[in-house]
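Please read the following walk through the structure with the sequence and the coordinates side by side, moving from charged side chains to the nonpolar interior and then to the record's annotations.

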Amino acid sequence: MILDLAAAASGAIRFEDLGLDPVALNLGFFTLKWYSLAYLAGILIGYWYLLKLVAQPGSPMGRRHADDMIFYATLGIIIGGRLAYVIFYQPEILAHPLDIFKLWHGGMSFHGGAVGVSLGILYMAWKEKLSWLRIHDYVACVVPFGLFFGRLANFVNGELWGKETDVPWGIIFPTGGPYPRHPSQLYEAGLEGVVLFLILAFAFWKTRARYKPGMLVGIFLLGYGCFRFGVEYFREADAQLMEFAARTGLHMGQWLCVPMILGGLYLIGTAGRRRVRVEPIAGANSVA
C-alpha cells in the first residue's frame, strides 16, 4: 500500500500548484478570507432563492417574514455552528471560554448550525403565528447553497482533506503529509450542494411536496445525512477525534448524521397525513 501511495505521489496534483489562497483580499490593515465570503454568498444567494420560493402560491410566509428569516438564520448558523463545534469536536476550548468567540480561527459545525437555524425558525413561527414545519420545508431548499460554498472554501483553505489514496485525482495537501489524499471537500460540495439542491428543486417545482408539511425538510435531512455519512468514509477524521473514530468505528460526523437520517425518514413517511388545504399567502392562485 505504501509503495502504491509513493507511486501515486510522483504524479499527483500538488495543492500549491493550483494557485489557491485562503485570503481573497489583503489590504494590510484589512484581510478578507474566502471562508467569510462563502458564508456571505450562501446567505445572500439563499435569500434570493427563498424569495423565489415564497412568491409561489401557497407559501407559508410572506416577503417580510423571509427578510426576518435571514436575520434569525444568520444568528443560528454562527451561534449554533460554533457552539456545536466546540462541544463535539474541540471541547478543550471550553477551558478558555473567550476562545469560543474567536471565529476567525475557524471551527464551525454544520449540524450545530442546522439546529441553530431550526430554533430561529421556531421562534419566528411562534412570534408570527406561522406553520413552523412548512417554513422548515422552504428553508431546507436553500441550505445547499451554503453547503456548496462552504465546502469550496474548505478546499481553498486546504483543510478537512480526505484519507490517503492512489486515485488519479488525489491531491497532496500542505498539511496532509507526503501522500495524495481524497479531495473530500469537493465530494461534499458536489453531493451536499449540487445534487441535494437538484433533488429538492425537483421536489418543490415538479411535485406537490411543498403541500405536505415536513416532506421537503425530510428529504433534506435524509439526503444530507446519507451523503455526509458516505463521504466520511473518504474523509480523514479530525486529529483530536482519531481515537474516538477508532474506538466507535464511525467518525463524529457520522454519528451526528444518524438522527438526521432517522428524522428525515420519519418526516417523509408521515408527511402525507399532514396534507391540509393550503390557501395562498403569496401568488395569485388558490391551492387545493
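Are Arg235 and Glu188 buried or exposed? In this predicted model, Arg235 is buried, and Glu188 is buried as well. Their side chains meet in a salt bridge, with an N to O distance of 3.0 Å. Because Arg235 sits in the loop between H8 and helix H9 (242-248) while Glu188 belongs to helix H7, this pair ties together parts of the chain that are 47 residues apart in sequence.

Glu188 also forms a salt bridge with Arg228, at 3.7 Å from N to O. That pair links distant parts of the chain, with Arg228 in helix H8 and Glu188 in helix H7, 40 residues apart, and both of these residues are buried. The two pairs belong to a wider arrangement, since a network of salt bridges links Arg151, Glu188, Glu192, Arg228, Glu232 and Arg235.

Arg151, a member of this network, is located in helix H6 (residues 143-156) and is buried, with a relative accessible area of 9%. Leaving aside residues up to four places away in sequence, its contacts include Glu188, Glu192, Arg228 and Arg235, together with Leu160, Gln185, Ala189 and Tyr224. The unreviewed UniProt entry carries a "binding site" annotation that covers Arg151.

Another salt bridge joins Glu164 to Arg181, whose closest N and O atoms are 3.7 Å apart. Glu164 lies in the loop between H6 and strand E4 (171-172) and Arg181 in the loop between E4 and H7, so this pair ties together parts that are 17 residues apart in sequence. Here Glu164 is partly exposed, at a relative accessible area of 34%, whereas Arg181 counts as buried at 8%.

Turning to the nonpolar interior, the largest core holds 42 residues, of which Leu50, Met61, Met69, Ile135, Phe220 and Tyr224 touch the most other members. Helix H8 gives the most to this core, with eight residues. Ile135 touches Pro60, Met61, Met69, Ile121, Met124, Ala125 and Leu130, again not counting residues up to four places away in sequence. Apart from this core lies another, of nine residues, among them Val86, Tyr89, Ile93 and Leu241.

Finally, the unreviewed UniProt entry annotates several spans as "transmembrane region", including residues 70-88 and 138-156. Residues 70-88 are 100% helix and 0% strand, and their end C-alpha atoms lie 26 Å apart. For residues 138-156 the chain is 89% helix and 0% strand, with 30 Å between the end C-alpha atoms.

Note on methods: Residues are numbered from 1 along each chain as its sequence is written. This is a predicted model: local features need pLDDT of at least 70, side-chain atom pairs count only at pLDDT 80 or more; totals for chains, interfaces and linings use all residues. Side-chain values use heavy atoms; hydrogens and water are left out. UniProt positions are given in the numbering used here, feature names are shortened, and annotations may be inferred rather than shown by experiment. Helices (H or I, at least four residues) and strands (E, at least two) are DSSP runs, numbered from the N terminus. Buried means under 20% relative accessible area, exposed over 50%, partly exposed in between (1.4 Å probe, protein chains only). Contact means heavy atoms within 4.5 Å. A nonpolar core is a set of buried Ala, Val, Leu, Ile, Met, Phe, Trp, Tyr and Cys residues joined through side-chain atoms within 4.5 Å. A salt bridge is a side-chain nitrogen of Lys or Arg within 4 Å of a carboxyl oxygen of Asp or Glu.
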